[in-house]
Amino acid sequence: SALHNHNIRLYGGFIPRTYARMLMKEGLEKTIQEASTSGFISKEEALNGTNEHYNYFESLLTGRNMHLDPLGTNATDRFREKMFPAQIIKDASMAWCVKNLDDILNVSGYDRMLLVCGVGHMLYSHGVPERILQHAKKNEMGIVKAKEDILRIACFPVSERILMDGDDDKNITLEEITGILKDAYGGAEYDAADVCFLYEEDSLEEDDDDEQIRNETQTAYDKVGHTAHLLEAGNLNKAHVIMRSLHYTQEEIDHVGLDAVNYQGVGCPHRHVNIQEGDSVLDLGSGLGVDSLIATKAVGPTGRVVGIDISGECVHHANRRARERGVDGFLQFFQSPIERIHVNDEKIVDGTFDVIISNGAFCLLPNKMSGFEECLRLLKRDGKIALCTTVIKDRLEDGVEWPLCMRTFAKMNEILPMLEQAGFVDIEIDLSDSLMEVYEEEDETTDLDYADVKTSNTDEIIDTEDSPHYRSKESLGDENQSRFKVHNEEGQKQFQHLENFDMNQLCARIVIKARKP
């Protein structure tokens with residue numbers, strides 16, 4: 001490594017995000033002037049890109065198969081004016097860094113340079129290689145004189161079956177591997193790269209608490225999902241009271257119908273983002289699918305709603321209800337961790353969704369930064385998020401046994417920096433309905449006691465009459481029936497000491513709103 005070998009040198013040469021944002025907001029001319037003055041790009045750089053490069057770039061954002069449309073006939077031009085130059089300025093910066101390093105590194109005449117960048121910056125020789133070769137044509141390079149001096153190495157994730165060792169009859173054939181690469185990169189005539197490494201992705205690096213949280217969350221919600229079909233055993237009046245207290249409209253509640261007994265959440269994301277007919281909506285931590293069902297009413301059959309949840313049982317129930325309600329043509333649910341979404345659907349790619357909502361899932365997300373980055377990756381340009389979650393206002397007191405999930409809550413002051421680092425703009429942390437206890441006048445049609453109305457109504461909303469359990473989303477059912485409840489008697493006893501704390505002082509329910517530039 002560079003740390004132990006003085007012949008290896010490590011350099012960082014990526015332009016700060018601020019210049020891409022400047023380009024989107026203040027235009028090309030000012031950005032080029034500022035970036036070139038600061039030394040990030042050449043003073044001769046104009047940030048022009050070829051049609052072939054745009055064809056590739058647009059396909060990354062829309063999922064369009066450019067090999068079936070090599071001329072880009074069906075490509076949209078909506079990314080060309082600002083988002084494409086924002087990509088090119090990164091290419092130009094990396095190529096400029098390579099050119100400048102070439103001036104000082106090629107001492108022996110045998111030196112080599114390894115440039116690490118995303119495939120979006122180098123496949124098909126677009127982006128960085130293209131601009132390095134422009135410098136080479138001007139005799140500005142020593143290491144690189146022509147395309148033959150560049151070895152383009154791509155990396156492509158594959159399943160375990162492709163890489164496994166063992167019996168020959170289980171191993172994938174060379175023809176199958178060739179087919180996979182051809183589907184991904186086109187045939188040899190497209191000249192995507194010189195070498196491609198196939199690899200199986202490791203699971204997220206995580207500490208013991210992270211793994212425990214995921215395992216416990218999945219186990220608990222698998223039990224909830226397993227009994228969620230017992231709709232008639234749920235307390236529909238209680239569900240209606242809770243949903244109204246969180247500002248769901250009567251029209252939305254009526255649309256959900258009996259499925260309201262499976263409502264889970266800490267807020268109402270629909271009040272904070274304007275979902276339009278025809279939109280593509282992603283619901284992260286979709287649970288039993290209530291918020292996703294509400295979103296289908298807004299998008300209609302010309303749109304699409306996708307739910308992602310860690311619980312296979314919840315996903316199974318939600319897909320079954322979508323079929324029974326006749327909306328499975330534009331509502332689907334998939335099982336996956338939120339931090340790194342991998343699902344068997346070719347339509348879910350970078351830049352797929354107009355809107356991303358979430359209702360409580362980020363409370364229990366061990367790696368919230370990865371969750372925000374996934375949101376940005378999957379959003380279209382100008383796409384928006386509305387994430388309802390719970391945070392710690394300051395810190396948890398030492399020497400107190402706190403539930404594992406409370407230790408997973410983000411601190412209030414951590415949210416904004418993470419969103420900015422991820423690349424979001426127009427960020428707002430909404431605290432307009434932040435109290436942990438929600439009061440609502442008793443519904444005239446219900447026989448609930450007032451103590452039942454002042455309830456632990458959502459993921460981590462705590463009160464002393466119900467359970468200060470904090471674990472995760474409660475499936476709103478009658479506890480005398482056979483529906484499984486996450487907030488259970490065992491949790492009440494274990495964390496009874498938390499009744500001494502004012503949860504409104506300690507925690508807050510917030511809505512995270514932001515836009516992808």
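Colleague: Could we start with a single residue? What is the relative accessible area of arginine 320?

Modeller: Happy to! Arginine 320 has a relative accessible area of 24%. A residue counts as buried under 20% and as exposed over 50%, with partly exposed in between, so arginine 320 is partly exposed. Please keep in mind that this is a predicted model.

Colleague: Which side chain does arginine 320 meet in a salt bridge?

Modeller: Here we look for a side-chain nitrogen of Lys or Arg within 4 Å of a carboxyl oxygen of Asp or Glu. Arginine 320 meets glutamate 324 in this way, at 2.8 Å from N to O. Glutamate 324 is also partly exposed, at 46%. Now the general idea about helices: an α-helix has 3.6 residues a turn, so residues three or four places apart point the same way. In our case, arginine 320 and glutamate 324 both belong to helix 12 (residues 312–324) and are 4 residues apart, about one turn of the helix. There is a wider group, too: Asp259, Arg320, Arg321, Glu324 and Arg325 are linked in a network of salt bridges.

Colleague: How many salt bridges are there in total?

Modeller: The count comes to 21. One of them joins arginine 152 and aspartate 194, at 3.1 Å from N to O. That pair links distant parts of the chain, 42 residues apart: arginine 152 sits in the loop between helix 5 and strand 1, and aspartate 194 in the loop between helix 7 and strand 2. Arginine 152 is buried, at 4%, whereas aspartate 194 is partly exposed, at 41%.

Colleague: Which residue forms a salt bridge with aspartate 426?

Modeller: Arginine 515 does, with the closest N and O atoms 2.7 Å apart. Aspartate 426 lies in strand 9 and arginine 515 in strand 10, 89 residues apart. Arginine 515 has a relative accessibility of 19%, so it counts as buried.

Colleague: Now for strands. How many of the residues of strand 7 are buried?

Modeller: In strand 7 (residues 379–392), 11 of the 14 residues are buried, so this strand is largely enclosed by the rest of the structure. Next, see which strands it pairs with. Strand 6 (residues 353–359) runs parallel to strand 7, over 6 bridges, and isoleucine 356 stands opposite isoleucine 385. Between these two strands the chain passes through helix 13 (residues 368–378), making a right-handed β-α-β crossover. Strand 10 (residues 507–515) pairs with strand 7 in the antiparallel sense over 9 bridges. Strand 8 (residues 410–411) runs parallel to strand 7 and is joined to it by 2 bridges. Try finding valine 391: its bridge partner in strand 10 is alanine 508, and in strand 8 it is alanine 410.

Colleague: Which residues of helix 14 are buried, and why do they line one face?

Modeller: A good way to check is to look down the helix axis. The buried residues of helix 14 (residues 412–422) are Ile415, Met418, Leu419 and Ala422. Seen down the axis, they fall within an arc of 100 degrees, so they line one face of the helix. Asn413 and Gln421, on the other side, are exposed. Among the elements covering the buried residues are helix 1, helix 13 and strand 7. After helix 14 comes glycine 423, whose phi is positive, near 115 degrees.

Colleague: And what about the whole chain: how many helices and strands does it have?

Modeller: The protein chain has 17 helices and 10 strands, and 51% of its 517 residues count as buried.

Technical notes
Residues are numbered from 1 along each chain as its sequence is written. This is a predicted model: local features need pLDDT of at least 70, side-chain atom pairs count only at pLDDT 80 or more; totals for chains, interfaces and linings use all residues. Side-chain values use heavy atoms; hydrogens and water are left out. Buried means under 20% relative accessible area, exposed over 50%, partly exposed in between (1.4 Å probe, protein chains only). Two strands pair if DSSP finds at least two bridges between them. A crossover is right-handed if, with the strands pointing away from the viewer, the path from the first strand over the helix to the second runs clockwise. The arc is that of the directions from the helix axis to the C-beta atoms. Contact means heavy atoms within 4.5 Å.
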